[in-house]
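Trainee: I have the sequence and the model open. Can we go through the packing step by step?

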Amino acid sequence: DPKEACDGKYIYIHSLPTVFNEDLLSSTCNEVMCNKYINGGLGPKLEEEEEEEEEEEGSVGFSKHAWFSTDEYALEVIFHSRMNQYECLTNDPSRASLIYVPFYGGLDIARNLWGTSVSVRDHLSEALGTWLRAQKSWSEKEGQNHFLVCGRMSWDFRRQTNEESDWGNRLFLVDEVKNMWNLLVEKSLWHDNDFAIPYPTDFHPTTMAEVENWQARVRKKERSSLMAFVRSSSSPMEHVGSIKWAVRRQCNSSNQCTLLECGIECDSSLTPIKAFEKSVFCLLPQGESSTSRTIFDSMLAGCIPVFFHPNSAYMQYMWHLPKNHSLYSVFIPQHLVKADRVQIESVLNAIPPSNVARMREMVISLIPTLIYANPNTSLPPDFEDAFDVAVRALLAKVHQLPPPNI
């Protein structure tokens with residue numbers, strides 16, 4: 001009975017005024033980016049030709065219609081599209097275990113991050129608080145069963161002062177939002193209601209067969225390079241002594257490392273993925289923020305991630321990655337690399353081949369739950385993606401909540 005199958009899983013979606021979501025899609029639109037969030041947030045289909053590859057290997061593995069040019073900050077739009085497909089939606093908030101607030105907070109702050117006053121930056125967040133307070137379903141539990149999804153980092157929404165020079169807005173500090181769960185690409189380690197879920201990659205399959213074909217492709221890839229490091233040449237140059245600078249220097253001086261420095265072509269994850277597919281390990285130092293989409297691009301390519309700081313993934317993606325980090329990744333403390341006391345190449349070469357094979361197989365097995373399936377088609381019931389993992393974990397979390405203070 002479908003109704004029984006949904007017991008304890010019902011989710012209600014607030015019908016927010018369009019100023020909080022749809023209107024933000026058009027306000028982030030300019031001549032270059034008008035189609036940035038089409039296809040339910042996936043972006044335009046990837047135009048990249050794969051003909052040489054198909055001639056070389058046959059077409060198995062690369063299902064062209066499963067690839068899109070997806071913006072790394074598109075999570076909130078994709079999540080909303082997937083939520084509209086969720087099998088246990090209800091129109092009655094009193095039946096719902098969770099209430100979803102489809103506010104595109106990341107798109108809101110992105111257009112106001114530079115050169116705007118704090119009142120402009122906070123305007124929509126405060127308007128959302130006012131709107132929520134008027135809803136009976138909010139006041140019953142003061143938002144404790146509500147959740148938001150934002151495609152940016154937690155600190156973009158936790159501005160501490162009202163100084164114009166201070167970064168971000170105060171969305172997560174608005175009274176009506178304080179009790180809600182926040183799903184983000186990077187959480188705050190100091191707030192228990194923040195949860196990190198994967199960045200979107202460019203791969204959005206519609207069937208398990210497409211996923212399995214992709215897994216078969218990366219499994220059989222000839223990995224001619226021990227390690228790869230990808231950096232965007234459009235990002236600021238790392239200062240001397242930083243972890244990215246130290247990793248780049250070690251990669252540059254090794255004949256077993258592929259260094260890819262790319263400009264606008266890095267915006268499509270296919271460029272990094274091609275480098276990652278040819279490498280056994282992927283070097284993932286922290287940059288301007290702790291996490292990055294590159295983590296998920298590398299794992300999608302079947303490349304074993306090498307982390308230098310626990311907050312890059314271990315302390316972030318608790319729902320989506322194994323608790324035993326050594327099953328799928330390598331950890332090298334960044335202070336040792338920065339001080340030149342450790343050679344990354346030597347550490348990786350010392351790992352027994354049987355361990356390497358086991359780790360790669362674990363990475364490949366994780367792929368389905370690290371990607372977001374295409375929300376524009378009906379998905380098979382056996383397909384559990386990053387969205388499904390997040391919703392299941394959030395439901396488990398909300399059922400452990402103590403009753404609200406009356």
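Trainee: Which residues of α8 are buried?

Mentor: This is a predicted model. Buried means under 20% relative accessible area. In α8 that holds for Met-208, Glu-210, Val-211, Trp-214, Gln-215, Arg-217 and Val-218.

Trainee: What does α8 reach from its first C-alpha to its last?

Mentor: Helix α8 covers residues 208-220, so 13 residues. At 1.5 Å a residue, 18 Å is expected. The model comes close to that, at 18 Å.

Trainee: Which helix gives the largest share of the largest nonpolar core?

Mentor: That core holds 71 residues. Phe-79, Met-83, Phe-103, Leu-128, Phe-147, Leu-171 and Val-177 touch the most other members. The largest share of the core is 7 residues, and it comes from residues 386-398, helix α15.

Trainee: How many residues are in the other core?

Mentor: This core lies apart from the largest one. Among its members are Val-211, Ile-367, Ile-371 and Ala-373. Val-211 is also one of the buried residues of α8. The count for this core is 26 residues.

Trainee: Are α4 and α15 roughly parallel or roughly perpendicular?

Mentor: Their axes are 11 Å apart, and the packing angle is about 75°. Angles of 65 to 115 degrees count as roughly perpendicular. The two helices, α4 and α15, are therefore roughly perpendicular.

Trainee: How many residues of the contact of α4 with α15 are charged?

Mentor: α4 brings Phe-79, Arg-82 and Met-83. α15 brings Phe-387, Asp-388, Ala-390 and Val-391. The contact has 5 nonpolar residues and no polar ones, and the charged residues number 2.

How values were computed
Residues are numbered from 1 along each chain as its sequence is written. This is a predicted model: local features need pLDDT of at least 70, side-chain atom pairs count only at pLDDT 80 or more; totals for chains, interfaces and linings use all residues. Side-chain values use heavy atoms; hydrogens and water are left out. A nonpolar core is a set of buried Ala, Val, Leu, Ile, Met, Phe, Trp, Tyr and Cys residues joined through side-chain atoms within 4.5 Å. Buried means under 20% relative accessible area, exposed over 50%, partly exposed in between (1.4 Å probe, protein chains only). Helices (H or I, at least four residues) and strands (E, at least two) are DSSP runs, numbered from the N terminus. Axes are lines fitted to C-alpha atoms, for helices over the stretch in contact, and angles run from 0 to 180 degrees between N-to-C directions. Angles under 35 degrees count as roughly parallel, over 145 as roughly antiparallel, 65 to 115 as roughly perpendicular and the rest as oblique. Contact means heavy atoms within 4.5 Å. Ala, Val, Leu, Ile, Met, Phe, Trp, Tyr, Cys and Pro count as nonpolar, Asp, Glu, Lys and Arg as charged, and the others, Gly among them, as polar.
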